Amino acid sequence: MFDKGKINYWHLLLILVVLIAILPILFMVSNSFKTLRDSYNTMLSLIPLRPTLNNYLMLNRQVNLLTLTWNTFLMAAIVTIGKLLTGLLTAYAFRSYRFKGKMFVYLIFVSTIFVPFTIIMIPNYLVIAKLNLLNNVLGVALPQLCDATGIMIFLKTMEKIPNTLIDAAKVDNIPNRKIFFNIVIPILKPSIVSVGAIFFINSWNEYVWPTLILKDKASFTLPLALQNYISSEGGTNFPLAMALSTIMVILPLIIYLIFQKYILNSISTSGLK
Amino acid sequence: MGENNATIELKQISKQFKDNKIINELNLSIQAGEFLVLLGPSGCGKSTTLRMIAGLEEPTTGDVLINGKKLKQIDEDGHTVAMVFQDYALYPNMTVYQNLEYALKVHKIPVQSRRSRIEAVLKILNLTNYKNRLPSQLSGGQKQRVAVGRGMVKKSKIFLLDEPLSNIDIQLREKARDEIQNMHLENRQTIVYVTHDQLEAMALGDRIAVMDQGIIQMIDTPENIYNKPTNLFVAKFIGTPQINIIEIELNNGQVLFNNKPIMKPSTYKLDSKKYYLGIRPENFSCSKTERNEFSFEVMVDNIIDYGRFVQLSLITKDNEYLKATVNKFDFQKGETINVTLDQSTSIIFDQTTGKNLYWGNYE
């Protein structure tokens, strides 16, 4: 496709795109190691003049990093597991049972994807308040335990499993529960991992909904704590905010690195037989 | 009825998908230990019939009885029926060994007897060296053997096979066919085998059921299916090259083809009218020189030498095409030769019903 003369131009373009993508992250990391004064004087320089860990230490004195991370992890984990489980079960039901109005029910599920969060925010809030789950990670997770995106993706992958495979198990009188866990789930593993990673990262970064539910500082997640450092009331300690951002990015980054083989694979093979 | 096998009975089975009637009041009874082949063109309902025996489809009306009982009542441990699918349907996440083991494990067969059963089957099918491979690391023939093996370890009384050989290379197909036949000779399960390949059907079946449009057109031994087809469909479906069907007229026992007698007058009483006469290609006598009172002239349009036999395409004076097979020949394309039809193997069909009238030519 490319001849040798052109290859360099394409690479230039790619390098440019990569730089644009990675620059904000480098900016964040480098500023988190600068002193407050250096940060204001040489904000754009990527290498700190006098590298310091002070920001991290100060952060550790001001907030309980461990609790923050644990809260965020717990919320993201519950949401991810919930979405995966309900998504897989619902998709399997759509895949294997014939019932009246199936298409209609499916369309209702899918149409929920197009309902903006702001519309269901208030009803959800009222329900959670009635359930006495304010200031509780469960309150954040509960309305998010099911997601039509997951149902849709899993159904599409399950449709690629040949019918005869399920039939073979049925002839052997394997109960449906075992067909689901022993045959369907293992086949779907790559897409479960990649969809799960995306769910996890999204939930990890979530801000608006948790701010409504979590008022007590002890129940804060990382994005909420970060808000305290960049809002008008949080002061202007910019390197401190960058340090917290860096901490916040670490776990999703590790998850992405571990599962990137699956994630890339599912992106590049989706839509292919 | 023995320990290894069971009878299957389909009683007045119909199957309808929405407005589409796939199977129409089908009756079929299969003896214990029999090897029955369901043969028919695609869409004739043979696979649906098999799936109903397997319990994968419920008949709209009618009953499937196994040893006189309904499948649901006896199949609690899942050991009555085993099925091999066209695309093998091996569990892709399990090794060969695990594939064979899975159903036994779910049904709580003890580890020891599980292992001995599986090892024995692996040995018979020459798969011992592959037992730790995943299906994706096997060739088509090996996958097919694993699929058969998965049925064998269950020691089922009934073995259902849905076109198990159609995805294998032709070179391996005959060998796989022999293996299936050997399995049947050794274990004597009841086998129902679906195929659209008539050679496979002829080679394997104790009996063949020829199906078309959801109806069993004929069920009999391979020999009778070939030589005494009950109707035009069966006659045309079985045999390559296809049987020749020509229009003849009976006139007081005389058999007239284009107003010329082509056979000895029949002693069998049939109305004097037009019929179809079926004659298989191998039942032609062709000669350049010899002629008799019943021979007629044809032009050789094409000659295909298959090595084993030679296939001739012939055109009559009235532009009808005939196919004949001969072993020896000394004519050229375009030449005119004399052919005589073998009366004892000819078949007369009614023109409206297509039924074989058995006109008294069989010994």
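Start in chain B, on E5(B): select B:Lys69, the bridge partner of B:Ile66. This is a predicted model, so keep the confidence colouring at hand.

**The hairpin**

Widen the selection to E4(B) and E5(B). The two strands pair in the antiparallel sense over 2 bridges. They form a hairpin, with 2 residues between them. Pick B:Asn67 in that turn: its phi is positive, about 50°.

**Across to E1(B)**

Now add strand E1 of chain B, residues 8-17. Its neighbour is strand E4, residues 61-66, and the two run antiparallel. How many bridges join E1 to E4 in chain B? There are 5. Show two of the paired positions. B:Ile8 stands opposite B:Ile66. B:Lys11 has B:Asp63 as its bridge partner in E4(B). B:Ile66 thus appears twice on this tour: opposite B:Ile8, and as the bridge partner of B:Lys69 in E5(B).

**The whole sheet**

Zoom out to take in 4 strands of chain B. The sheet is open, in the order E2-E1-E4-E5, with antiparallel pairing. Which strands stand at the edges? They are E2 (20-30) and E5 (69-70) of chain B; each has a single partner strand, so one side of each is left without a neighbour in the sheet.

**Domains of chain B**

Colour chain B by domain. The assignment gives three entries:

- domain 1 covers 1-80 + 156-228;
- domain 2 covers 94-153;
- domain 3 covers 244-349.

Select domain 1 and domain 2 of chain B together. Their C-alpha centres lie 24 Å apart. At the contact, 12 residues of domain 1 meet 9 residues of domain 2. Highlight helix H6 of chain B, residues 170-187: this helix gives the most to the domain 1 side, with 4 residues. Colour that side by class and you get 7 nonpolar, 3 polar and 2 charged residues.

**Where the chains meet**

Bring chain A into view. The contact between the chains takes 16 residues from chain B and 14 residues from chain A. On the chain B side, select strand E6 (81-84) and helix H3 (96-106), each of which supplies at least two residues. E6(B) gives the most to this side, with 3 residues. By class, the chain B side holds 11 nonpolar, 2 polar and 3 charged residues.

**Chain A**

Hide chain B. What secondary structure does chain A hold? It has 13 helices and 0 strands. Along the principal axes, the C-alpha atoms of chain A fill a box of roughly 70 × 65 × 30 Å. Of the 273 residues of chain A, 29% count as buried. Turn on the contacts in chain A between residues at least 6 apart in sequence: 72% of them join residues at least 24 apart.

**Domains of chain A**

Split chain A at its domain bounds: domain 1 is 1-52 and domain 2 is 53-269. The C-alpha centres of these two domains are separated by 31 Å. The contact takes 9 residues from domain 1 of chain A and 10 residues from domain 2 of chain A. Finish on the domain 1 side. Helix H1 (4-32) and helix H2 (36-41) of chain A each give two or more residues to it. H1(A) has the largest share, 4 residues. Coloured by class, this side of domain 1 of chain A shows 3 nonpolar, 5 polar and 1 charged residues.

Methods:
Residues numbered from 1 in each chain as written. Chains lettered and ligands numbered in written order. Predicted model: local features only at pLDDT ≥ 70, side-chain atom pairs only at ≥ 80, totals over all residues. Contact = placed C-beta atoms within 7 Å. Nonpolar A, V, L, I, M, F, W, Y, C, P; charged D, E, K, R; others polar. Domains from an automatic or database assignment. Buried ≥ 20, exposed ≤ 12 C-beta atoms within 10 Å, placed from the backbone. Pairing = 2+ DSSP bridges.
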